[in-house]
Amino acid sequence: MFDASTGGPGGGEHPPREPDGPASSSHRGHLVLAEKVVEKIAAQCASEITEVGGTGGGFLGMGRQNDPEARPKVSVELTGAIATLSIELGVRYPASIARVTQQVREELGRRVTELAGVQVRQIDIRVGYLHGGSPAEERTLL
Amino acid sequence: MKALRHRPARVLPAVLVSIVMLALAAALLWAAIARLATGQWWSQLSRAAQSVEQAPWAAPGAMVAAAVVAIIGLLLIIWALAPGAFTTARVASPEPEDAVVRGGVHAVITTGGLATLASGAAHQIDGVSGVRSSATAKSVLVSLTTPLRSRDSLVAEVRAAVEERMRRSGVFPAPKIRVRAHTKEMS
Amino acid sequence: MRILAGGLNRAWLTVIGLVLLVLGVGWLLAASGLLASLHPALDQEAAPMRGASGVLDQPWMPAAMIVVAALLILAGLSWLVRQIPRKRQAPTLRFHEDARQGVTLMEAPVFSDAVAHDVEELEHVTAARALLRGSRSEPELVLRVAVNERADAQEVVDAISERILPRAVEALGVPFTDVGIEIVVTRQSRKSDRVRVQ
């Protein structure tokens, strides 16, 4: 059973007692950890949609290797129990980009809510590349 | 799709005239700044102003300058108004379904491409040792060199081959093909 | 593929040419004495530039020259800059329906690169470049395709129309308003070093 507010499964050591509240460092620490967890969940879910690929490496959008096998890059902002996601992914060409991205939005929203217990309000998607074809693609000949 | 098949854009005269404008501006700036800095005009300028004061309309130097200006003006007008040859030729293209393209598919081939196709077709004819082609959208000129002294049948063969190539490429209207052959004796 | 300033150039060249022509011809007419009846200053023997030194010495002259120079520089530079060929590419493409659920964005080159790659897979095509103009709802595609000299241009155009365009429309989700294909012919017969391994 997963609990978003402690950032990890079960027991273990607790940080020294501090006054609680949104500004306390333990609370902030928990928030950051929770965002990272949601990011991982979201990336995993997105990559499971067959027509989606991810990105990896690179700097400022240059040299980034487009890797259809990798997980898409996700960043999450948690405000209370509401999450807004921002994803950068690749889509198989020539799949309908509108359809695939809407599918990502719907499935991701559902699964992240299921698994992480946060409400997903908004998912912004940036399609960084289109990768050609499934292994079964036919050669085009004249 | 007008960008694909257009008349020459007259970039060269535009660049030349803008450079002249910039040079003129530089001269004016320099004269003005020199005057403000030193309190005096550039000596050539004040001498020129003085000599020009006396000149009547009919001074020979002035008339020559006026004629030159008028001629340059006329040249610019002609350059601007003459359409010039199209840069590409049309290629037959299919009517696509509305679901794919609502307007049309416009295909063109460059005049350089036409020349390359013509040269390629000519090269394949026996008896041709060298080819050079040039093309406009309306006509293609093929210049052959051949060691044969009797050239007429070769010219006819090359013309037929190039015409066939143009036809298969779908260029329309089919450009007029002119073939010239030049005998280069084997050394 | 890129757009040049043909109309602009021809218009301004005509204007400037006309001005020069009128000035030059006007002077020659005055010099020939034909305009003498209009105004005493236009008489053949009159000195039109009398007072030139006086004008030059006016206090506002340097300022006037600087103003004129500035205008010339502005005009000359902007005209020169306009000679640079322009792509006029489509802005970021939007695929979402309801922005409140989230936006879906894609840069136009991502799409056109995929189409160009598709075209390059065709037989006899040695290289291809694509450009998307307009917007996602009114897209215009321009292709520049290098074809080997042995191939028939028409066949390549047909293949593009039958195979490449439908795939592009499937991905985009909207039919093209117009498609332009520019064919260049090369002597190369091999594509650039790429090997497909299944």
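Which strands of chain B does α4(B) lie across, and at what angle does α4(B) run to β3(B)? I will come to that in a few minutes, once the chains have been introduced.

What we have here is a predicted model, in which local features need pLDDT of at least 70 and side-chain atom pairs count only at pLDDT 80 or more, while totals for chains, interfaces and linings use all residues. Residues are numbered from 1 along each chain as its sequence is written, and chains are lettered from A and ligands numbered from 1 in the order in which they are written.

Let me start with chain C, which has five helices and five strands, where helices (H or I, at least four residues) and strands (E, at least two) are DSSP runs numbered from the N terminus. If you follow the sequence of chain C, these elements come in the pattern α-α-α-β-β-α-β-β-α-β. Chain C has 198 residues, and 36% of them count as buried, a word used for a residue with 20 or more other C-beta atoms within 10 Å of its own, whereas 12 or fewer makes a residue exposed, anything in between is partly exposed, and the C-beta atoms are placed from the backbone.

Now to the meeting of chains C and B, where 66 residues of chain C are in contact with 75 residues of chain B; contact here means that the C-beta atoms of two residues, placed from the backbone, lie within 7 Å. On the chain C side, α1 (6–32), α2 (52–56), α3 (61–81), α5 and β5 (178–186) each supply at least two residues, and the largest share, 18 residues, comes from α1(C). That side of chain C divides into 44 nonpolar, 14 polar and eight charged residues, with Ala, Val, Leu, Ile, Met, Phe, Trp, Tyr, Cys and Pro counted as nonpolar, Asp, Glu, Lys and Arg as charged, and the others, Gly among them, as polar.

The two chains also share a sheet, and it is worth tracing slowly on the structure. It is an open sheet of five strands in the order β1(B)-β2(B)-β5(C)-β4(C)-β3(C), with mixed pairing, and two strands are said to pair if DSSP finds at least two bridges between them. At the edges stand β1 (88–91) of chain B and β3 (125–134) of chain C, each with a single partner strand, so one side of each has no neighbour in the sheet. Neighbouring strands of this sheet are turned by 25° against each other on average, direction ignored; axes are lines fitted to C-alpha atoms, for helices over the stretch in contact, and angles run from 0 to 180 degrees between N-to-C directions.

The place where the chains join in this sheet is the pairing of β2 (residues 105–110) of chain B with β5(C), which is parallel and has five bridges. Within it, B:Val105 has C:Val179 as its bridge partner, and B:Ala107 stands opposite C:Ile181. Helix α4 (residues 111–123) of chain B packs on this sheet, touching β1 and β2 of chain B together with β5 of chain C, and its direction makes about 45° with that of β5(C).

That same helix brings me back to the opening question, for which we need another sheet, in chain B. Three strands form this open sheet in the order β3-β4-β5, with mixed pairing, and its edge strands are β3 (130–135) and β5 (176–183), each pairing on one side only. Strands β3(B) and β4 (residues 139–146) of chain B pair in the antiparallel sense over six bridges, and one of the partnerships is B:Arg132 with B:Ser143. Helix α4(B) lies across β3 and β4 of chain B, running at about 155° to β3(B), while helix α5 (residues 152–169) of chain B touches β4 and β5, its direction making about 145° with that of β5(B).

Let me finish with the interior. The largest nonpolar core, meaning a set of buried Ala, Val, Leu, Ile, Met, Phe, Trp, Tyr and Cys residues joined through C-beta atoms within 7 Å, has 97 residues, and those with the most contacts inside it are A:Ala42 and C:Ile183. Helix α5 (residues 153–172) of chain C gives the most to this core, with ten residues. As for C:Ile183, the residues that it touches include B:Val91, B:Ala107 and C:Val145, leaving aside residues up to four places away in sequence.
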